[in-house]
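Please look at the sequence and the model together before reading on. The questions below go through the pairing of strands, then the contacts between charged side chains, and then the confidence of the prediction.

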Amino acid sequence: MDRHVIVVSIVGGTRLDLSQAQLAAPEVTLTKVSLVGGVRVWVPAGIRVEVSGFSLIGGTRLYGETEPGPGAPTVHVRAFGLVGGVRVIRGGPPEPSRVDRRSDRRSRRTRF
């Protein structure tokens, strides 16, 4: 992952799987800009995450393993939008979304 990554969306959320990413530097910045839509970011275990920015409606949540100590690589998430929060999941790959599970069920369904 480059030192600075910018993600722009007008309407709709953003899902970013960084669980296997190789960071270009000890500190990298991810900037998300949108009108309506949050961001969900998966980061590997052992990565510090600092979230900043502005959202009129939406919060910030951090899930997963405990925060590593000082000196760990850091991902700065800067999120700007009117509606939509930030959800960061540390450790492990992302779980399939409901849409993915629904299409998977359809593909296994036998039709007569």
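Q: Which residue in E3 is the bridge partner of Val-5?

A: This is a predicted model, in which local features need a pLDDT of at least 70, side-chain atom pairs count only at pLDDT 80 or more, and totals for chains, interfaces and linings use all residues. Residues are numbered from 1 along each chain as its sequence is written, and side-chain values use heavy atoms, with hydrogens and water left out. Strands (E, DSSP runs of at least two residues, numbered from the N terminus) pair if DSSP finds at least two bridges between them, and E1 and strand E3 (residues 27-36) pair in the parallel sense over seven bridges. In E3, the partner of Val-5 is Leu-30.

Q: Which strands are the edge strands of the open sheet of four strands?

A: The open sheet of four strands has the order E1-E3-E7-E5, with parallel pairing. An edge strand pairs on one side only, and this holds for strand E1 (4-11) and E5.

Q: Which residues are linked in a network of salt bridges?

A: A salt bridge is a side-chain nitrogen of Lys or Arg within 4 Å of a carboxyl oxygen of Asp or Glu. Arg-48 meets Glu-50 at 3.0 Å, N to O, and Arg-48 also forms a salt bridge with Glu-67, where the closest N and O atoms are 3.6 Å apart. Glu-67 in turn meets Arg-90 at 2.6 Å, N to O. The network therefore links Arg-48, Glu-50, Glu-67 and Arg-90.

Q: How many residues apart in sequence are the parts that Glu-67 and Arg-90 tie together?

A: Glu-67 lies in the loop between E6 and E7, whereas Arg-90 lies in strand E8 (residues 86-90). Because the two residues sit in these separate elements, the pair ties together parts whose distance in sequence is 23 residues.

Q: Is Arg-90 buried or exposed?

A: Buried means under 20% relative accessible area, exposed means over 50%, and partly exposed lies in between (1.4 Å probe, protein chains only). Glu-67, with 37% relative accessibility, counts as partly exposed. Arg-90 has a relative accessible area of 2%, so Arg-90 is buried.

Q: Over which residues is the pLDDT below 50?

A: The pLDDT is the predictor's confidence in each residue, from 0 to 100. The protein averages a pLDDT of 83, and 81% of the residues score at least 70. One stretch has zero contacts (heavy atoms within 4.5 Å) beyond near neighbours in sequence, and the pLDDT is below 50 over this stretch, residues 106-112.
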